[in-house]
Amino acid sequence: MGQLKLNVDAAVKCSSGFIGIGMVVRDCNGMVLGALSLKFAGHLSPFLAECVAVREGIKFAINHGLSPGVIETDAQNVVLTLQEKTFNALEGPDVRDISRLLERLRNASCHFTCRSCNAVVHSLAQFAFRNNISQSWFDSISDWLTTIVLNDLS
């Protein structure tokens, strides 16, 4: 089997006190192995919200026996921070957590991808706000998610 890929995204609505997180793990053929839409409490900056999305995405994959070799996010500043291993006071603990989780995955790397290439997880992050719940999919995914995944592959 080829390398697995984890895509993550966060959506921030400052006035709500919550962030929405979307994540999907796919195989080398683009088939979804697992997906999650998670509502997370906190007044976080977009940068910290994206850090939380990366951290929670890696945890989700590990907890379900999935070992992605590539993690993609549309938060270029998060990718650069992880590559440079710069830990300033505010985001330091989150960045260190992500670095430790990446070490557990062995040879996994975090990459930037444009928002249009991250549409599935962006929709999952928004789903958490609209439906006020957290939900995961494994054996089968819902029709609306299937449509987004298929569009993402074309």
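Strand β1 (residues 4-13) runs antiparallel to β2, and 9 bridges join the two. Strands here, like helices, are DSSP runs numbered from the N terminus, with at least two residues (E) for a strand and at least four (H or I) for a helix. Two strands count as paired if DSSP finds at least two bridges between them. One of the contacts in this pairing is that of Val12, whose bridge partner in β2 is Ile19. The hairpin of β1 and β2 has 4 residues between the strands, and Gly17 takes a positive phi there, near 80°.

A word on what you are looking at: this is a predicted model, in which local features need pLDDT of at least 70 and side-chain atom pairs count only at pLDDT 80 or more, while totals for chains, interfaces and linings use all residues. Residues are numbered from 1 along each chain as its sequence is written, and side-chain values use heavy atoms, with hydrogens and water left out.

**The second hairpin**

On its other pairing, β2 meets β3, again in the antiparallel sense and over 9 bridges. Gly22 stands opposite Ser37 of β3. Between β2 and β3 lie 5 residues, and Gly30 in that turn has a positive phi of about 85°. Is Gly30 buried or exposed? Gly30 is buried, at a relative accessible area of 10%; buried means under 20% relative accessible area, exposed over 50%, and partly exposed in between (1.4 Å probe, protein chains only). The loop that holds Gly30 connects β2 (18-26) with β3 (32-41). From Gly30 to Leu48 the C-alpha distance is 28 Å, for a separation of 18 residues in sequence.

Strand β2 itself is mostly covered, with 8 of its 9 residues buried. As background, side chains in a regular strand alternate between the two faces of the sheet. There is also a charge-ring contact to look for: the charged end of Lys39 sits over the ring of Phe18, 4.4 Å from its centre. The rule for such a contact is that NZ of Lys or CZ of Arg is within 6 Å of the ring centre and within 35 degrees of the ring normal.

**Two helices**

The table sets α1 and α4 side by side; the expected span of a helix is 1.5 Å times one less than its number of residues.

| Helix | Residues | End-to-end C-alpha span | Expected span |
|---|---|---|---|
| α1 | 18 residues | 25 Å | 26 Å |
| α4 | 13 residues (119-131) | 18 Å | 18 Å |

Helix α1 has 14 of its 18 residues buried, so it is largely enclosed by the rest of the structure. After α1 comes Gly65, with a positive phi near 70°.

In α4, the buried residues are Val120, Val121, Ser123, Leu124, Ala125, Phe127, Ala128 and Phe129. Ala119 also belongs to α4, but Ala119 counts as partly exposed at 29% relative accessibility. Ala119 and Gly22 are 97 residues apart in sequence, yet their C-alpha atoms are 9.9 Å apart in space. Just after α4, Asn132 has a positive phi of about 60°.

**Aromatic pairs**

Rings of Phe, Tyr and Trp (its six-membered ring) pair if their centres lie within 6.5 Å; planes under 30 degrees apart count as stacked, over 60 as edge-to-face and the rest as tilted. The count by this rule is 2 aromatic pairs. One of them is the stacked pair of Phe60 and Phe138, at 5.6 Å centre to centre with 25° between the planes. Phe60 lies in helix α1 (residues 46-63) and Phe138 in the loop between β6 (135-137) and α5, so the pair ties together parts that are 78 residues apart in sequence. Phe60 is buried at 6% relative accessible area, whereas Phe138 is partly exposed at 30%.

**The whole chain**

The protein chain has 5 helices and 6 strands, in the order β-β-β-α-β-α-α-β-α-β-α from the N terminus. Its radius of gyration is 14 Å, close to the 15 Å that the globule rule gives for 154 residues, so the chain is as compact as a globular protein of that length. That radius is taken over C-alpha atoms, and the globule rule is 2.2 Å times the number of residues to the power 0.38. Along the principal axes, the C-alpha atoms fill a box of roughly 40 × 40 × 25 Å. Buried residues make up 49% of the 154.

Finally, confidence: pLDDT is the predictor's confidence in each residue, from 0 to 100. The chain averages 87, and 95% of the residues score at least 70. Among the elements, strand β4 (residues 68-73) has the highest mean pLDDT, 96, and helix α5 (residues 143-153) the lowest, 73. Where pLDDT is low, the predicted coordinates should not be read in detail.
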